[in-house]
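Here are a few notes to help you find your way around. Please keep the viewer open as you read, and take the points in whatever order you like.

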Amino acid sequence: MHLTKEEELIYLGEGGDTKRRSMEILVALGDIYGADRLIPVASTQIAGVSYKTLGEAGLEWISDLRGKVVVPSILNPAGMDLCRWQEMKIEEEFARHQLEIIEAYRRLGISPDCTCTPYNLRPDAARPGENLAWSESSAVSFANSVIGARTNREGGPSALAAALVGKTPRYGYHLDEKRVPTHRIKVEAHLEGSDYGALGYLVGKIVRGGVPRFVFRLRPTRDELKSLGAAMAASGSVALYYFDEKVPPAQDEIEDITVSPADVREVYEKNFADEDVDIVAIGCPHCSQKELERLADLLAGKKVHREFWICTARGIAERCPRLVEKIEQSGARIFCDTCMVVSPASELHRKMMVNSGKALAYIPGMCKIEAAFGTLEDCVRVAAKRV
Ligand code: F3S
């Protein structure tokens with residue numbers, strides 16, 4: 001990979017040890033994937049925040065770094081609500097390590113808003129055509145497909161390296177030729193809400209790492225696109241999809257797939273459960289303000305009889321304190337900075353009901369508990385059912 005004079009000097013250590021180590025990561029990645037050069041990034045989103053996945057070695061590595069990031073950078077969810085972790089039944093030792101991780105990132109100039117939906121928190125986090133280095137798979141999918149920015153699915157270390165250097169190797173989804181559709185998905189079902197999570201769960205398994213182009217009857221909302229992309233990234237490894245007329249010409253051998261109403265129904269039928277569910281969790285990806293409004297309406301006048309977590313970004317919850325209060329009157333809890341997949345608190349349960357195709361795909365493997373799937377209305381109904 002070609003380096004400019006200035007990049008070469010960083011590689012040789014002129015910008016200090018942290019920048020040298022970061023440049024080594026970027027160069028190694030560029031060489032592996034055949035990048036021709038480095039390109040500037042407008043922002044980074046950095047995974048590897050939960051102590052559950054980062055561990056002691058990761059904490060040491062981050063604590064060793066010096067200096068400041070050179071582009072706006074935000075963190076992925078941590079392993080706990082940074083303020084209400086006791087309510088999640090997080091152990092003190094875990095909490096101490098988790099707070100040390102956040103502090104180490106903060107020293108590097110990274111915003112401790114821990115969220116997988118930075119685009120909801122900061123509308124200018126990504127703009128069409130910008131190159132980014134984002135890590136979390138649903139955020140990557142949203143940035144590429146809905147915003148029209150360009151990012152690979154970075155690992156935590158490579159996103160952090162990009163944040164410290166301000167650049168990323170030019171390969172993969174930064175290139176036009178990697179952004180052409182590989183499958184056309186004709187959706188015959190009329191979908192709403194969590195149906196998009198069910199659709200993504202199905203399509204991700206079929207297209208794996210492909211680039212699907214959807215033909216919908218009605219244009220999905222922003223939150224529905226968020227759920228669709230998140231599920232496809234989890235059940236497959238889709239990082240880019242198309243859903244409107246702005247589509248580059250397809251390859252000749254594009255594969256056609258039709259999704260019927262029965263296909264979508266089957267995801268619910270195979271995964272629905274209201275027995276044995278001891279926790280319901282919403283907010284994968286993190287809830288938008290609109291989703292919180294819908295939850296407040298559904299929970300009005302009800303009491304929940306199971307643990308009911310609603311995960312969102314702290315900045316979103318802080319924008320609408322009355323909504324938070326309304327929701328929590330039901331006994332549900334709004335947890336910020338974290339989620340049901342990356343928090344060890346999920347492991348204290350037996351079966352978790354979700355309305356997210358991504359959480360359905362990840363909960364059994366990441367949390368070692370059973371997962372059940374239903375609509376948002378199903379989730380509220382099960383939570384409010386007497387045990
Ligand atoms: Fe976000 Fe956690 Fe789901 S990071 S996409 S809420 S698994």
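How does D274 count: buried, partly exposed or exposed? D274 has a relative accessible area of 22%, so it is partly exposed. Please keep in mind throughout that this is a predicted model.

1. Let us stay with D274 for a moment. Its side chain meets that of K385 in a salt bridge, at 3.6 Å from N to O. D274 sits in the loop between α10 (261-271) and β10, while K385 belongs to the segment after α15 (376-384), so the bridge ties together parts that lie 111 residues apart in sequence. K385 is partly exposed as well, at 32% relative accessibility.

2. Next, have a look at E328. This residue forms a salt bridge with R84, with 2.9 Å between N and O. The two come from distant parts of the chain: E328 is in helix α13 (residues 321-328), and R84 is in the loop between β3 (73-75) and α4 (92-107), 244 residues apart. The two partners fall into separate classes of accessibility: E328 counts as buried at 19%, whereas R84 counts as partly exposed at 22%. The cut-off helps here, because buried means under 20% relative accessible area.

3. E328 has another partner to show you. The side chain of R333 also meets E328 in a salt bridge, here at 3.9 Å from N to O. R333 is partly exposed, with a relative accessible area of 27%. Elsewhere, salt bridges with shared partners join D17, R20, R21 and E24 into one network. If you would like the overall count, a search of the whole structure finds 31 salt bridges.

4. Now for the ligand. Which pocket does the ligand sit in? The answer is the second largest pocket. Around the ligand you will find P77, C116, E136, S138, G283, C284, P285, C339, V341 and K358. Strand β10 (residues 279-287) gives the largest share of this shell, with 3 residues. You may remember β10 from the first point, where D274 lies in the loop between α10 and this strand.

5. On the surface, try colouring L9, Y11 and L12. Together they make a nonpolar patch of about 280 Å². L9 is part of helix α1 (residues 5-11). With a relative accessible area of 33%, L9 is partly exposed. That value satisfies the area cut-off for patches, because their residues need over 30% relative accessible area.

6. Two pairs of residues are worth a look for their spacing. S111 lies in strand β4 (residues 111-114), and at 12% relative accessibility S111 counts as buried. Its C-alpha atom is separated by 4.9 Å from that of I74, although the two residues are 37 apart along the chain. The other pair is I206 and S235, which are 29 residues apart along the chain and have their C-alpha atoms separated by 8.9 Å. I206 is found in helix α8 (residues 195-207), and its relative accessible area of 44% makes I206 partly exposed.

7. A short route for a second look: begin at the salt bridge of D274 and K385, move on to E328 with R84, and then turn to the ligand in the second largest pocket. Finish at the nonpolar patch made by L9, Y11 and L12.

Technical notes. Residues are numbered from 1 along each chain as its sequence is written. This is a predicted model: local features need pLDDT of at least 70, side-chain atom pairs count only at pLDDT 80 or more; totals for chains, interfaces and linings use all residues. Side-chain values use heavy atoms; hydrogens and water are left out. Patches are made of residues with over 30% relative accessible area and no salt bridge: like charges are joined within 9 Å, nonpolar side chains (Val, Leu, Ile, Met, Phe, Trp, Tyr) within 5 Å. Accessible areas come from the Shrake-Rupley method with a 1.4 Å probe; for residues, only the protein chains shown count as cover. A salt bridge is a side-chain nitrogen of Lys or Arg within 4 Å of a carboxyl oxygen of Asp or Glu. Helices (H or I, at least four residues) and strands (E, at least two) are DSSP runs, numbered from the N terminus. Buried means under 20% relative accessible area, exposed over 50%, partly exposed in between (1.4 Å probe, protein chains only). A residue is near a molecule or strand if one of its heavy atoms lies within 4 Å of it. On a 1 Å grid over the protein atoms alone, a cavity is a set of points where a 1.4 Å probe fits but cannot get out, and a pocket is an open set with protein on both sides within 12 Å along at least five of seven lines; lining residues have an atom within 4 Å of a point. A molecule sits in a cavity or pocket if more than half of its atoms lie within 2 Å of its grid points.
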